[in-house]
Amino acid sequence: MSENNRNVVIIAPHPDDEIIGVYEILLDSKNNITIIYGSETPQNRREEAITLRDQIVNVNMQLFQTTIPHPFLQKTSRFYFPDPYFEVHPDHRLWGIVGEQLARQGYDVIFYSVNMNTPYIHRLGDKAEEKEKLLNKIYPSQKGLWKYEKKYILFEGRCKWIF
């Protein structure tokens, strides 16, 4: 791997969290991405999620596991976890706590939010329309979630904690 590329592990408690929370990271061609979906996922949602690899070429692997497999716990990787404090869904908060523990151990952890009520969000601007198109294409069963809640489309937020 060249020094310009980085291994990225995105922890998405549910399929669609990866697009809602870290769409800009998915688009960054410098990233070699592994997505770990960290909660029990029904088969139809798994099948939807797997189609993401056809749309985002730098998504190398998708795993449906309730733990992070040991080979992926490399300090040379950058991890994206849901924020343990600003997220409201219990699955997101639990994974956020795992991220906090890894950050305290010296791993490169960035926290993201799908809640969009965090103090560190920013407007996506012209990327929002493409984000919505991708969400609708990959996750048609979930369209109702963001149809009237445009915050999922218009904003993203990430932060790095300093210890």
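## Starting at Arg53

Where is the place of Arg53? Arg53 sits in helix 3, which covers residues 52-55. Please keep in mind as you read that this is a predicted model.

Is Arg53 buried, exposed or partly exposed? With a relative accessible area of 35%, Arg53 is partly exposed, because that value falls between the 20% limit for buried and the 50% limit for exposed. Once its neighbours within four places in sequence are set aside, Arg53 is in contact with Val59, Asn60 and Gln62. There is also a link across the sequence: Arg53 and Ile138 are 85 residues apart along the chain, yet their C-alpha atoms are 9.9 Å apart in space.

## The largest nonpolar core

Now to the interior. The largest nonpolar core has 31 residues, and Ile19 and Ile35 touch the most other members. Several elements each supply at least two residues of this core: strand 1 (6-12), helix 1 (17-27), strand 2 (31-37), strand 3 (59-64), strand 5 and helix 5 (127-138). Helix 1 gives the most, with six residues.

Ile35 is worth a look in your viewer. Leaving aside residues within four places in sequence, Ile35 is in contact with Ile10, Ala12, Glu18, Leu26, Leu52, Val59, Met61, Gln62 and Leu63. Apart from this core lies another one, of 16 residues, and among them are Ile11, Ile68, Tyr107 and Phe111.

## Ile11 and Ile36

Ile11 belongs to strand 1. Its relative accessible area is 0%, so Ile11 is buried. Not counting residues up to four places away in sequence, Ile11 touches Ile36, Ile68, Tyr80, Phe81, Pro82, Trp95 and Tyr112. The C-alpha atoms of Ile11 and Gly99 are separated by 8.9 Å, although their positions lie 88 residues apart along the chain as a sequence separation.

One of those contacts, Ile36, lies in strand 2. Ile36 also counts as buried, because its relative accessibility is 0%. With residues up to four places away in sequence left out, the residues that Ile36 touches are Val9, Ile10, Ile11, Ala12, Leu63, Gln65, Thr67, Ile68 and Pro69. For one of them, Ile10, the C-alpha atom is separated from that of Ile36 by 6.2 Å, while the two residues are 26 apart along the chain.

## Where helix 1 meets helix 5

How do helix 1 and helix 5 cross, and at roughly what angle? Their axes come within 11 Å and cross at roughly 130°. The two helices are therefore oblique to each other, since this angle lies above the 115 degrees that ends the roughly perpendicular range and does not exceed the 145 degrees needed for roughly antiparallel. Helix 1 passes helix 5 in a right-handed crossing.

On the helix 1 side, the contact is made by Ile19, Ile20, Tyr23 and Glu24. Helix 5 brings Lys127, Glu130, Lys131, Leu134, Leu135 and Ile138. By class, the residues of this contact divide into six nonpolar, no polar and four charged.

## Three loop residues

Let's finish with the loops. Asp16 is found in the loop between strand 1 and helix 1. At 4% relative accessibility, under the 20% limit, Asp16 counts as buried. The backbone of Asp16 deserves a glance too: its phi is near 105°, a positive value in a residue other than glycine.

Ser29 lies in the loop between helix 1 and strand 2. Is Ser29 buried or exposed? Ser29 counts as exposed, because its relative accessibility of 63% is over the 50% limit. Ser29 and Asn58 are 29 residues apart in sequence, and from C-alpha to C-alpha they are 6.4 Å apart in space.

Thr118 is in the loop between strand 5 (108-112) and strand 6 (121-123). With a relative accessibility of 6%, Thr118 counts as buried. Which residues does Thr118 touch, not counting those up to four places away in sequence? They are Phe86 and Ser113.

Notes:
Residues are numbered from 1 along each chain as its sequence is written. This is a predicted model: local features need pLDDT of at least 70, side-chain atom pairs count only at pLDDT 80 or more; totals for chains, interfaces and linings use all residues. Side-chain values use heavy atoms; hydrogens and water are left out. Helices (H or I, at least four residues) and strands (E, at least two) are DSSP runs, numbered from the N terminus. Buried means under 20% relative accessible area, exposed over 50%, partly exposed in between (1.4 Å probe, protein chains only). Contact means heavy atoms within 4.5 Å. A nonpolar core is a set of buried Ala, Val, Leu, Ile, Met, Phe, Trp, Tyr and Cys residues joined through side-chain atoms within 4.5 Å. Axes are lines fitted to C-alpha atoms, for helices over the stretch in contact, and angles run from 0 to 180 degrees between N-to-C directions. Angles under 35 degrees count as roughly parallel, over 145 as roughly antiparallel, 65 to 115 as roughly perpendicular and the rest as oblique. A crossing is left-handed if the near helix is turned anticlockwise from the far one by less than a right angle, and right-handed if clockwise. Ala, Val, Leu, Ile, Met, Phe, Trp, Tyr, Cys and Pro count as nonpolar, Asp, Glu, Lys and Arg as charged, and the others, Gly among them, as polar.
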